[in-house]
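Here's a request before we start: open the structure in your viewer and keep the sequence beside it. We'll take it piece by piece.

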Amino acid sequence: MSRCWLALIEEPARAADAAAPAFTLDGRPAGTLAAWRQRAKPVRYALRVDERMIDPAGSPALISLVLPPPGVRLPFDDLTVQQARRRVLTGPFPDAVSTLLRDDSHFEGAITIARSPADKRWLTDDPFGRIFPARILAVDGGILGSTAAPTGPTIERYGSGNPWPWDLFS
Amino acid sequence: MTTALTPGQATPTARERAIGGLEVGGELPDFELLDHAGNRRRLSALVGGDPTVVQFFRGWWCPKEQAFFRRLLVLQDDAEVAYSRIVSISVDPSEVNAALRAGLGARWTFLSDPDRDVLSQLGLRETTDTLHHPYVPAVFVTDPELRIHSAYNGYWYWGRPTHGELVHDLRELTRTLRPDWDAPTP
């Protein structure tokens with residue numbers, strides 16, 4: 001089970017393993033994106049994320065942050081979530097993607113990281129953004145890295161407590 | 001001339017013992033090539049911890065490959081939920097493989113070997129095609145250590161694995177790889 005947590009927080013990022021300010025595309029502060037590598041949930045609304053994308057030495061990036069409205073969540077096996085995963089594998093893979101989750105059975109959002117101009121265009125058509133609202137934010141350096149594209153065509157999670165596309169059972 | 005089966009002899013299948021420099025029980029070299037997006041990828045990283053179908057194909061232009069890809073697309077619908085992977089390799093440049101992949105609707109990784117370095121290393125050059133100098137069509141099913149579980153020589157189309165044969169191979173490999181193959185029951 002993933003022990004890496006991610007949250008966009010308003011308060012200071014206490015004890016985070018990586019954190020960086022986030023901004024809207026017109027430059028307004030949007031909080032701090034913070035990540036923790038630990039077993040216990042660090043803040044109430046933190047969600048588990050693919051830890052490979054967390055890099056304290058990572059450069060600035062644009063992200064598409066998809067989060068459900070309060071009180072709403074979907075089964076991870078919902079057909080819309082399956083199809084979004086297929087579309088991620090079909091298209092050009094951005095710098096990194098991870099679904100977000102708290103428990104073993106629900107999809108509770110996604111984060112997509114882009115740096116190249118082509119990938120930035122991809123953010124505006126984030127497949128997960130067709131499920132829940134997507135916010136495109138600019139995030140300073142110090143938290144987000146890159147991951148290799150999944151080999152494909154697997155859309156399943158490797159253990160229900162792990163985000164997709166983490167691709168090992170270990 | 002045909003060879004008669006003797007009693008007790010296994011029914012022949014399309015499987016081969018060896019193709020080029022590769023044989024069942026041996027290992028695929030852990031080569032690096034560019035993927036369809038232009039990223040350098042190592043085979044072992046693509047295989048990860050799963051059974052994998054590694055397909056060497058002539059190129060987009062070959063009608064036999066076009067037919068066989070339709071078979072792999074059927075397998076894709078199984079593999080996407082079965083913790084199994086597919087990798088396709090040709091001498092075409094990344095951009096060409098990207099276009100082929102997109103046109104097919106394939107959601108697995110294509111690798112490009114335009115300099116034919118890996119082709120030479122593996123001894124998989126199709127000598128009868130002096131125009132494209134492509135890979136001889138071949139399909140290997142490997143385990144995570146890149147050990148070759150089965151091999152199919154697709155020079156003649158009927159040598160290629162059927163959907164059923166690939167499912168059979170992936171089942172056998174998965175059975176050996178997953179310690180919880182026998183479902184836990186009370």
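**A walk through the two chains**

Let's begin in chain A, where strand 2 (residues 18–24) and strand 10 (residues 134–139) are paired in the antiparallel sense over 3 bridges. To find that pairing on screen, look for Phe23(A), whose bridge partner in strand 10 of chain A is Ala138(A). Keep in mind that this is a predicted model, with an ipTM of 0.91 and a pTM of 0.92.

Now zoom out a bit. The pair belongs to an open sheet of 8 strands in chain A, ordered 4-1-3-2-10-5-9-7, with antiparallel pairing. Strand 4 (47–48) and strand 7 of chain A are the edge strands, each pairing on one side only. As for what holds such an arrangement together, strands of a sheet pair through backbone hydrogen bonds, either parallel or antiparallel.

Take the edge at strand 7 of chain A. Its partner is strand 9 (residues 110–114) of chain A, and the two pair in the antiparallel sense over 4 bridges. Ala96(A) is a handy marker here, since it stands opposite Ile113(A) in strand 9 of chain A. In a regular strand the side chains alternate between the two faces of the sheet. You can see that in strand 7 (residues 96–99) of chain A: Ala96(A) and Ser98(A) point one way, Val97(A) and Thr99(A) point the other way, and all are buried.

Over in strand 3 (residues 29–37) of chain A sits Arg37(A). Is Arg37(A) buried or exposed? The answer falls in between: Arg37(A) is partly exposed because it has 14 other C-beta atoms within 10 Å, while being buried takes 20 or more. Leaving aside residues up to four places away in sequence, Arg37(A) touches Arg3(A), Cys4(A), Asp17(A) and Glu51(A). Arg48(A) is 11 residues from Arg37(A) in sequence, and the two C-alpha atoms are 9.6 Å apart in space.

Next, the interface. Here 16 residues of chain A are in contact with 18 residues of chain B. The chain A side of it divides into 9 nonpolar, 4 polar and 3 charged residues.

Crossing over to chain B, a quick word on confidence. Chain B averages a pLDDT of 93, and 92% of its residues score at least 70. Residues 1–5 of chain B are another matter: the pLDDT there is below 50, and the stretch has 0 contacts in the model beyond near neighbours in sequence. Where pLDDT is low, the predicted coordinates should not be read in detail.

Strand 5 of chain B is a good place to pick up the trail, as 5 of its 5 residues are buried. Both of its faces are covered, with Thr52(B), Val54(B) and Phe56(B) on one side and Val53(B) and Gln55(B) on the other. Strand 5 of chain B runs parallel to strand 6 of chain B, joined to it by 5 bridges, and Val53(B) stands opposite Ile86(B) in strand 6 of chain B.

Helix 2 (residues 63–79) of chain B has 17 residues and reaches 24 Å from its first C-alpha to its last, close to the 24 Å expected at 1.5 Å a residue. Its buried residues are Glu65(B), Phe68(B), Phe69(B), Leu72(B), Leu75(B), Gln76(B) and Ala79(B). They cover an arc of only 115 degrees around the axis, so they sit on the same side of helix 2 of chain B. The other side of the helix carries Pro63(B), Ala67(B), Arg70(B), Val74(B) and Asp77(B), which are exposed. The cover over the buried residues includes strand 5 (52–56), strand 6 (85–90), helix 3 (94–104) and helix 5 (163–177) of chain B.

Helix 3 of chain B can be read in a similar spirit. Its buried residues are Asn97(B), Leu100(B) and Arg101(B); they fall within an arc of 100 degrees seen down the axis, so they line one face of the helix. Those buried residues pack against strand 6 and strand 7 (109–112) of chain B, whereas Glu95(B) and Gly103(B), on the other side of helix 3, are exposed. Just after the helix, Gly105(B) takes a positive phi of about 80 degrees.

One last stop: Arg41(B), in strand 4 (residues 40–42) of chain B. Arg41(B) counts as buried because 20 other C-beta atoms lie within 10 Å. Among the residues Arg41(B) touches, not counting those up to four places away in sequence, are Glu32(B), Asp35(B) and Thr109(B). Thr109(B) is 68 residues from Arg41(B) in sequence, yet their C-alpha atoms are 9.6 Å apart in space.

Technical notes: Residues numbered from 1 in each chain as written. Chains lettered and ligands numbered in written order. pLDDT = per-residue confidence, 0-100. Contact = placed C-beta atoms within 7 Å. Nonpolar A, V, L, I, M, F, W, Y, C, P; charged D, E, K, R; others polar. Expected span 1.5 Å × (residues − 1). Buried ≥ 20, exposed ≤ 12 C-beta atoms within 10 Å, placed from the backbone. Arc of directions from axis to C-beta. Pairing = 2+ DSSP bridges.
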